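Trainee: Could you take me closely through the part of this model where the two chains meet, and then follow the elements there into the sheet and the helices packed around them?

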Amino acid sequence: MSGRGGVWVYAERRGDAFRPVSLEILGRAREVAEGLGEPLVALTAGQDEGVGDELAQYGADQVVVIAHPLLSRYDTRVFTGLLERELRAHSPSVLLLGATRDGQDLAGRLAVRLRTGLTAHVTSLEVASDHRLVGWVPGFGGGIEAGITCPDRQPSIVTVRPGVFPMPTPGPGGGAVRVVRPSLDEAEFGSRRIAFEPNGDAVDLTRSDVLVVGGRGTGGDFARLQRLALLIGGEVGATRVAADAGWVEHERMIGQTGVVTRPKVVIVLGASGAVQFTVGIDKAGYVIAVNRDPEAPIFEAADLGIVGDLAPIVDQLVKDLGAV
Amino acid sequence: MRLVVCLKVVPRPEEVRVDRATKTLDRAGVRSVINPADLTALEAALRLRELHGGRVTALSMGPPSFVPYLRVAIAVGADAAVLLSDRAFGGADTLATSYTLAAGVRSMGGADLVLCGDESSDGGTSQVPQGVAEWLGYSQATYVDRLEHPSAGTVRARRVLEDGTETLELPLPAVVSVLGGTTEVRFVDYDRWAMAQAADVEVIDATSLGADPGSIGLRGSPTVVAGLREVHKPGRRRELVTLEPAAAAVRVEEALRRLGVPRSEERSPSPSEPSSA
């Protein structure tokens, strides 16, 4: 299946910078491209023409910059059309995107436009012995992951969770940059943006050294967790169940569809330990888990597991630490 | 408004166990639920109907055993329910699933607005709504927590992004994926329960749907599961203790101290520690 169209990475712009996940993917894609014996091509779309060299420095052999003043904001219809044109013209074997909200919005639409396969939210990428790209996705319920390929259609579209690959160090660059200047007008946009409200105090759990994470077993009492987090200089995080229950903002959701964190220590309270959650704490330095059920899978993913009720334990911790 | 809500029936995540020997999912005895985010989408549809009138149809794809779940959707408030059910639909990935659901919407004569949960709690690809939109040629907004219908032919959707929210105005027809948990979902209406049990859930097979055999099920699914393996987990110490709260707290404090957490200068002020320190 390996064509010479290359391994393509869609580098998503946000404001006047690339999304970190796009650069993380470039680092890993460099190795994937070498494994497949294909060139690495970075593709971006935005208002700035001059951003190509940066992508070359992160390892791209070739860079395609689609530039137009109207591309300062993402629009499903316009971006899908622009990428479709490039992909049809160059037939890459693989297209990788960051699993950001806009990245997912685009990938899902584009995959159907091109009638091709999509593997979402992968946490690792490997080149199999038959020269196929395999995207690994944590499986249901814990313990296993599934390797997904797209053997017969191209490109194989894959979205990658932020934080799973390390940020590469930029090199000297030097890859060829091609700038595409499409003609565009407002009428081609599929939507009109009538408001944007930035998050006041944006939480970024990927930058926190200490996390206190609650799951279903908290029963929604995140104020208790917040008190503990405050005392140990940490942030509060949550499992999907807790975030979906509306107990905390979705930005605090950890795991397969939330954020992948790398704290020094994480205290996990009342979470069963489904693999979709634990992938988000696997890179933690030390994991402490409290759960009432001694059989809970979370204890398999913990350095220190405590069987017990979380409320009195947290209250005791708050009392002890607050009194220091 | 003609509103269609796509519902997926998923196993309860906490009940699925992995058979470590066969590396397969043990679903025996596992109960199922309507995917939580899809119930949020249903709620959003019901609220739009209350404000603007119209009809809400629940749409799902799966075996005949899903019919009772569609009755739950009717009991919650849907006017009608359609189940796309055929062995030929089995093994579908997101491309084939979105094709089939889109064909289901077409079989109703189309819709003004199709609502989906942003993601299913089992598959979790978060890609089907966008796929449905593309197959139908509808506009789309994903990860939406607020929906309005300000004027004929448009929908206003607030998308929740990593760094803020953006409010978009889209032309109808459109597909919207609704973030789970962003709206309180109403309880089953018990006055409707008996009616729902007797309600007619329309079951449509591949032939009646007029589906292209090459676009459904396994044949219509370009992705392949090439392998399953145990998740490579970092080596954890897995020390497990059962302790009273006081002793448990001491163990945690010891661990935190050893890890240098919190560094004393970072500790937030407490009554015994003036903030000017």
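Mentor: In this predicted model, 82 residues of chain B are in contact with 89 residues of chain A. On the side of chain B that touches chain A, helix α7 (residues 245–258) of chain B gives the most, with 9 residues, and by class the residues of that side divide into 36 nonpolar, 22 polar and 24 charged.

Strands also pair from one chain to the other: strand β10 (residues 144–149) of chain A and strand β14 (residues 224–230) of chain B run in the antiparallel sense over 6 bridges, and within the elements named here A:Thr149 stands opposite B:Val224 in β14(B).

A further link between the chains is an open sheet of 10 strands with mixed pairing, whose order is β13(A)-β11(B)-β10(B)-β9(B)-β12(B)-β8(B)-β1(B)-β6(B)-β7(B)-β13(B). The edges are held by β13 (192–198) of chain A and β13 (201–204) of chain B, and because each of these has a single partner strand, one side of each is left without a neighbour in the sheet. Taken on average and with direction ignored, neighbouring strands of this sheet are turned by 30 degrees against each other. Inside the sheet, strand β6 (residues 55–61) of chain B pairs with strand β7 (residues 80–84) of chain B in the parallel sense over 5 bridges, and there B:Met61 stands opposite B:Leu84 in β7(B).

Helices from both chains pack on this sheet. Helix α4 (residues 101–113) of chain A touches β9 (139–148) and β10 (154–161) of chain B, and its direction makes about 135 degrees with that of β9(B). Helix α3 (residues 94–107) of chain B, for its part, lies across β1 (2–6), β6, β7, β8 (113–117) and β13 of chain B, running at about 145 degrees to β6(B).

Each of these two helices also packs against another helix of its own chain. In chain A, helix α3 (residues 76–90) and α4(A) pack at an angle of about 50 degrees, with their axes 10 Å apart, and α3(A) and α4(A) are therefore oblique to each other, in a crossing that is right-handed. The residues that meet are A:Thr76, A:Phe79, A:Thr80, A:Leu83 and A:Glu84 in α3(A) and A:Asp105, A:Leu106, A:Arg109, A:Leu110 and A:Arg113 in α4(A); by class, this contact has 4 nonpolar, 2 polar and 4 charged residues.

In chain B, α3(B) and helix α4 (residues 128–136) pack at an angle of about 55 degrees, with their axes 8 Å apart, which makes α3(B) oblique to α4(B), and α3(B) passes α4(B) in a right-handed crossing. Among the residues making this contact are B:Leu95, B:Tyr99, B:Leu101 and B:Val105 of α3(B), together with B:Val128, B:Val132, B:Trp135 and B:Leu136 of α4(B). The contact of α3(B) with α4(B) has 9 nonpolar and 4 polar residues, and no charged residues.

As for confidence, the model scores ipTM 0.86 and pTM 0.82, while chain B averages a pLDDT of 89, with 88% of the residues scoring at least 70. Over residues 264–277 of chain B, however, the pLDDT is below 50, and this stretch has 11 contacts in the model beyond near neighbours in sequence. Where pLDDT is low, the predicted coordinates should not be read in detail.

Key: Residues are numbered from 1 along each chain as its sequence is written. Chains are lettered from A and ligands numbered from 1 in the order in which they are written. This is a predicted model: local features need pLDDT of at least 70, side-chain atom pairs count only at pLDDT 80 or more; totals for chains, interfaces and linings use all residues. Two strands pair if DSSP finds at least two bridges between them. Helices (H or I, at least four residues) and strands (E, at least two) are DSSP runs, numbered from the N terminus. Axes are lines fitted to C-alpha atoms, for helices over the stretch in contact, and angles run from 0 to 180 degrees between N-to-C directions. Two residues are in contact if their C-beta atoms, placed from the backbone, lie within 7 Å. Ala, Val, Leu, Ile, Met, Phe, Trp, Tyr, Cys and Pro count as nonpolar, Asp, Glu, Lys and Arg as charged, and the others, Gly among them, as polar. Angles under 35 degrees count as roughly parallel, over 145 as roughly antiparallel, 65 to 115 as roughly perpendicular and the rest as oblique. A crossing is left-handed if the near helix is turned anticlockwise from the far one by less than a right angle, and right-handed if clockwise. pLDDT is the predictor's confidence in each residue, from 0 to 100.
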